[in-house]
Amino acid sequence: MGSTSSELEGVISIGAWGSRSGGDPWSYKPNTSSPIREILFHEGGNIKSIFFRHQDRFISGAFGGRDPRDRGTERRITLRTPSEYLKSISGTYGLYNRAADVILSLSFHTNLSTYGPFGRPSGSNPGTPFTIPMEDSVLVGFHGRAGFYLDAIGIYVKPLNPRGSISLGTWGGPEGDPFGFVVGTTSWIKQIIVRHDSNIKALSFKDGNDHNYGIFGGKNPNDLGRETIVSN
């Protein structure tokens, strides 16, 4: 399904999670400026299929759900558009009915709430979890693989502010001090300096204009590790 260049400007693809080979690839980047208002899916032990409806009543096709003997139960999430919008997803993938790495459960995260998890209960062979912590972004589409079931899912996102950027992450623990930097639209990260051993000791960066960022971490003078420089 096509989209105009202005609607795709700034859109990035993240994922997919799940199977790398099951089902057929699918991609949903609608050519409507109307936000996603409803998410409809079938679940029961895993996610069988999924499709989407927009505020202007534009509706996608169904992705997955090709097993006529295993349709599952229909669920529907209705967002309070335009004040509520999708930000990200999380879930699990793993073995279901001899199908490897299909999507077992899904949660949908908006700027106001979290819906889910839907699918397999967390206590019964919960599978491998995935999460996409994001800030300053809006989810505008989905992609993945699908056949009998929803085999894999990823997302398309763009900045809330057309001139802004997207924050993806963080992963790790709660300790230490926060850090962050943005190189701006006229430059790029050309070098990453990593100090490491059995873990990552410190990171620092250099942009295309030779501005330096960091050192982030590395406060233990007795455990600095060895330095590796990654350049592009």
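How many aromatic pairs does a search of the whole structure find? In this predicted model, the search returns 16 aromatic pairs. Two of these pairs are described here, followed by a cluster, a charge placed over a ring, and a sheet.

One of the pairs consists of Y28 and F63. The ring centres of Y28 and F63 are 6.3 Å apart and the ring planes stand at 55 degrees, so the pair is classed as tilted; the tilted class covers planes that are neither under 30 degrees apart nor over 60. The two residues come from distant parts of the chain, with Y28 in strand 2 (residues 24–28) and F63 in strand 5 (residues 63–64), a separation of 35 residues. Both Y28 and F63 are buried.

Another pair is formed by F41 and F118. Here the ring centres lie 4.9 Å apart, and the planes meet at 65 degrees, so the arrangement is edge-to-face, a class that requires an angle over 60 degrees. Because F41 belongs to strand 3 (residues 36–43) and F118 to strand 9 (residues 114–119), the pair ties together parts of the chain that are 77 residues apart in sequence. F41 has a relative accessible area of 1% and is therefore buried, the limit for this class being under 20%.

Aromatic residues also occur as a group. A single aromatic cluster is made up of W26, Y28, F52, F63 and F142. Both members of the tilted pair, Y28 and F63, belong to this cluster. A ring is also involved in a contact with a charge: the charged end of K29 sits over the ring of Y156, at 4.7 Å from the ring centre.

According to UniProt, in an unreviewed entry, residues 11–159 and 165–232 are listed as "domain: Jacalin-type lectin". Over residues 165–232, the chain is 44% strand and 0% helix. The end C-alpha atoms of this stretch are 22 Å apart.

An open sheet of 4 strands was identified, with the order 17-16-15-18 and antiparallel pairing. Its edges are formed by strand 17 (212–217) and strand 18 (226–231), each of which pairs on one side only. On average, neighbouring strands of the sheet are turned by 15 degrees against each other, with direction ignored. Within the sheet, strand 15 (residues 189–196) and strand 16 (residues 200–207) run antiparallel and are joined by 7 bridges. In one of the bridges, R195 is partnered by A202 of strand 16.

Notes:
Residues are numbered from 1 along each chain as its sequence is written. This is a predicted model: local features need pLDDT of at least 70, side-chain atom pairs count only at pLDDT 80 or more; totals for chains, interfaces and linings use all residues. Side-chain values use heavy atoms; hydrogens and water are left out. Two strands pair if DSSP finds at least two bridges between them. Axes are lines fitted to C-alpha atoms, for helices over the stretch in contact, and angles run from 0 to 180 degrees between N-to-C directions. Rings of Phe, Tyr and Trp (its six-membered ring) pair if their centres lie within 6.5 Å; planes under 30 degrees apart count as stacked, over 60 as edge-to-face and the rest as tilted. Buried means under 20% relative accessible area, exposed over 50%, partly exposed in between (1.4 Å probe, protein chains only). A charge sits over a ring if NZ of Lys or CZ of Arg is within 6 Å of the ring centre and within 35 degrees of the ring normal. UniProt positions are given in the numbering used here, feature names are shortened, and annotations may be inferred rather than shown by experiment.
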